Amino acid sequence: MRNLVLLYIVFIMSVSCKTGIEKQMDTAMKINQHWQFSEAGKNEWNPAIVPGTIHTDLLTNKMIDDPYYRLNEHDLQWIDKNDWEYKTTFSTDGEMFEKDHIEMVFHGLDTYADIYLNEHLILSADNMFRTWHVYVKPLLKPMDNKLRILFKSPVNIGLEKLDALGYQLPADNDQSENGGLGNKKVSIF
């Protein structure tokens, strides 16, 4: 049986049950320390907690008001219209490189995310409700591995897909007046 190493990246949710491949692994390493986040393109990095969400990271860093207080939620509708980046640096032990197979496992990447390992695109995720496995052995270094995740706005991507349809969908739950779709108004038939 070949040797197997899994590097875990846990975002948003963690799965406690073990799959068959996880039962066979010799070594596992969680990468949940020293994360930072920034609004994409701004290069203003703040501490992040992984697993977690952008909303809790913004709240913890006192960058937004409590969304559960009064009508604060209405003023926070901009968050899901922006792209967000998370990054960390990690090292691996030398023993890991003796393994035949090293892969990263991503749980709960919400929803559209591009993952870069040492500036190489290793995954473009488009579904939060699945686990992603990526073979990474050729890209890993013993020290200073840079892992970066670009979370793209699901609202903006959804609106692009809606526009690409060429017709309007009926929507009886339109929240655009409350910031749900920004300036875009969906027609109700």
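In this predicted model, Asp114 is buried, because its relative accessibility of 10% falls below the 20% limit. The residue lies in strand β7. Its side chain makes two polar contacts listed here. One goes to the side chain of Ser124, at 2.8 Å. Another goes to the side chain of Lys152, also listed at 2.8 Å. The contact with Lys152 is also a salt bridge, with the closest N and O atoms 2.8 Å apart. This pair links distant parts of the chain. Asp114 sits in strand β7 and Lys152 in strand β10, 38 residues apart. Lys152 is partly exposed, with a relative accessible area of 29%. The value is partly exposed rather than buried because it lies between the 20% and 50% limits.

The wider surroundings of Asp114 were also examined. Leaving aside residues up to four places away in sequence, Asp114 touches Leu121, Leu123, Ser124, Arg148, Ile149, Leu150 and Lys152. Among these neighbours, Leu123 belongs to the largest nonpolar core. Another neighbour, Arg148, takes part in salt bridges of its own.

Side chains of opposite charge can pair when their charged atoms come close. The structure holds five salt bridges. In one of them, the side chains of Arg148 and Glu85 meet at 2.9 Å, N to O. Arg148 lies in strand β10 and Glu85 in strand β5, so this pair ties together parts that are 63 residues apart in sequence. Both partners are buried: Arg148 has a relative accessible area of 19%, and Glu85 has one of 12%. The value for Arg148 lies under the 20% cut-off, so the residue counts as buried.

Arg148 has a further acidic partner. Glu119 forms a salt bridge with Arg148, the closest N and O atoms being 3.2 Å apart. Glu119 lies in the loop between β7 and β8, whereas Arg148 lies in strand β10, so the bridge ties together parts that are 29 residues apart in sequence. Glu119 is exposed, with a relative accessible area of 53%. Through shared partners, salt bridges join Glu85, Glu119 and Arg148 into one network. This network therefore includes the exposed Glu119 and the buried Glu85.

Arg148 also engages an aromatic ring. The residue lies over the face of Tyr116, at 4.2 Å from the ring centre. A lysine is placed over a ring elsewhere in the model. The charged end of Lys87 sits over the ring of Trp45, 4.1 Å from the ring centre.

Aromatic side chains were considered next. A pair of aromatic rings is described by the distance of the centres and the angle of the planes. The structure holds four aromatic pairs. One of them is formed by Phe37 and Trp84, with 6.3 Å from centre to centre and 50° between the planes. The pair is tilted because its angle lies between the limits of 30 and 60 degrees. Distant parts of the chain are linked by this pair: Phe37 is in strand β3 (residues 36-39), and Trp84 is in strand β5 (residues 84-90), 47 residues apart. Phe37 is buried, with a relative accessible area of 0%. Trp84 is buried too, at 6%. Both residues belong to one aromatic cluster, formed by Phe37, Trp78, Trp84, Tyr86 and Phe151.

In soluble globular proteins, nonpolar side chains tend to be buried together. The largest nonpolar core of this model has 32 residues. Those with the most contacts inside the core are Met104, Phe106, Leu109, Ile115, Ile122 and Leu123. Several elements give two or more residues to the core. They are α2 (54-60), β5, β6 (101-107), β7 (112-117), β8 (120-125), β9 (131-135) and β10 (145-152). Strand β7, which holds Asp114, is thus one of the contributors to this core. Strand β10, which holds Arg148, is another.

The overall fold completes the description. The protein has four helices and ten strands. From the N terminus on, the elements run β-α-β-β-β-α-α-β-β-β-β-β-β-α. Buried residues make up 41% of the 189 residues. Among contacts between residues at least 6 apart in sequence, 63% join residues at least 24 apart. The salt bridge between Arg148 and Glu85 spans 63 residues, and the one between Asp114 and Lys152 spans 38.

Methods: Residues are numbered from 1 along each chain as its sequence is written. This is a predicted model: local features need pLDDT of at least 70, side-chain atom pairs count only at pLDDT 80 or more; totals for chains, interfaces and linings use all residues. Side-chain values use heavy atoms; hydrogens and water are left out. Rings of Phe, Tyr and Trp (its six-membered ring) pair if their centres lie within 6.5 Å; planes under 30 degrees apart count as stacked, over 60 as edge-to-face and the rest as tilted. Buried means under 20% relative accessible area, exposed over 50%, partly exposed in between (1.4 Å probe, protein chains only). A charge sits over a ring if NZ of Lys or CZ of Arg is within 6 Å of the ring centre and within 35 degrees of the ring normal. A nonpolar core is a set of buried Ala, Val, Leu, Ile, Met, Phe, Trp, Tyr and Cys residues joined through side-chain atoms within 4.5 Å. A polar contact is a pair of N or O atoms within 3.5 Å; within protein, one must be able to donate a hydrogen and the other to accept it, and residues adjacent in sequence count only if both atoms are side-chain atoms. Contact means heavy atoms within 4.5 Å. A salt bridge is a side-chain nitrogen of Lys or Arg within 4 Å of a carboxyl oxygen of Asp or Glu.
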